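Dear colleague,

I am passing on a structure for you to look at, and below it you will find my notes on what turned up. Please read them with the structure open beside you.

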Amino acid sequence: RFATAFTAAAATWLLGLVGVLPLPATVRADIWPVLPLLFAVSLGSYAFVNIGYNLLVFRECPEAYHELMQQIQEAKDDLRAKNVDIA
Amino acid sequence: MSRFHVSISPEPDSAAPSFGSHLNMSRHNKYSVLLPTYNERDNLPIITWLLAKTFKEHGLDYEIIIIDDNSPDGTLEVAKQLQRVYGESHVVLRPRAGKLGLGTAYVHGIQNATGNFVIIMDADMSHHPKAIPAFISKQKERDYDIVTGTRYTSGGGVYGWDLRRKLTSRGANFIADLLLNPGVSDLTGSFRLYKKDVLHQIINATVSKGYVFQMEMMVRAKQFGFSVAEVPITFVDRVYGESKLGASEIVGYLKGLWTLVTSV
């Protein structure tokens, strides 16, 4: 599905480039050839902002860690008492 | 569009009667936890203790199916001791002759599961059983086929990741989101509750390995039109042992992702 969309877009762009599509002269000469670059840069910026934002709001859970450490101790003591080999 | 439906937070639905939940309560539910293990001698007792504690506290019928791939460190021996403590109906041992991979471990586990729900999770304590009751009540809300844990929404979180690791994770998520549009916020997560038949169907359709395996399961689920809900979970990374996320893992991930994108 992604492949078909990509191929369709690439084909359209190439057609526009070689003159098959009816494009106004200024568009074809100046704008059309740089469309892929524009697309790549836009995608890159979007990626940067998206990933950057998600890194900033990345949730950490130190309480979960401490709770787990405590429970590990509890579990070990309990199981040792029940004759399970705990290091 | 498929009937794919995602719900992230509990929303009391005042319009719908609780007919569904009445049905669930009258039917007896049993939860099978699949634990594929390889060299988990230290972690297995603890995770079993936590699971048993959670299930008992909530009055849930359960079984823990331990699928050990002939671990050289004595995991199976410890498993037998746990069986003695918790009973053979609760700790089920289904070992295998060698290291045969996660997908086949799940298949093996499902074949031996007597519950109507299956829970998959990591045995290294990065996933905490305390989230399981939340999975169960979420599932009952609208009889979801799958409930998956997410580390990235409010209520969830990660402990023990440095910036580089976080970056890799967010980057991977971004790419996967862009290419696959999966509808879940944590695609590589592997803490999930499935209806047993649903899991069976999905695994039969899944071909990848490693990280991508879990992702492919979600993508297939969407393809089949199964209903999926999310529940926030906390993920405490690497209590014992070191994390292994090198360049080869990243390449493997990208390759797998590409295969997935082109196959759907």
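Buried area is the accessible area, taken with a 1.4 Å probe, that two parts lose on being put together, summed over both. By that definition, chain A and chain B bury about 3300 Å² between them, and 69% of it lies on carbon and sulfur atoms. Phe2(A), Phe58(A) and Arg59(A) supply 19% of the area that chain A buries against chain B, more than any other three residues.

Before going further, please note that this is a predicted model, in which local features need pLDDT of at least 70 and side-chain atom pairs count only at pLDDT 80 or more, while totals for chains, interfaces and linings use all residues. Residues are numbered from 1 along each chain as its sequence is written, chains are lettered from A and ligands numbered from 1 in the order in which they are written, and side-chain values use heavy atoms, with hydrogens and water left out.

If contact is taken as heavy atoms within 4.5 Å, 32 residues of chain A and 42 residues of chain B take part. How many salt bridges cross the interface of chain A and chain B? The rule, which asks for a side-chain nitrogen of Lys or Arg within 4 Å of a carboxyl oxygen of Asp or Glu, finds two there, and a search of the whole structure finds twelve over all chains. Glu67(A) forms a salt bridge with Lys130(B), with the closest N and O atoms 2.7 Å apart. That pair runs from helix α4 of chain A to the loop between β5 (117-120) and α5 (132-142) of chain B, where helices (H or I, at least four residues) and strands (E, at least two) are DSSP runs numbered from the N terminus. Glu60(A) and Lys166(B) also meet through their side chains in a salt bridge, at 3.0 Å from N to O.

On the side of chain A that touches chain B, α3 (35-56) and α4 (62-81) of chain A each supply at least two residues, and α4(A) gives the most, with 13 residues. By class, this side of chain A has 19 nonpolar, four polar and nine charged residues, counting Ala, Val, Leu, Ile, Met, Phe, Trp, Tyr, Cys and Pro as nonpolar, Asp, Glu, Lys and Arg as charged, and the others, Gly among them, as polar.

I hope this helps you find your way around.

Best wishes
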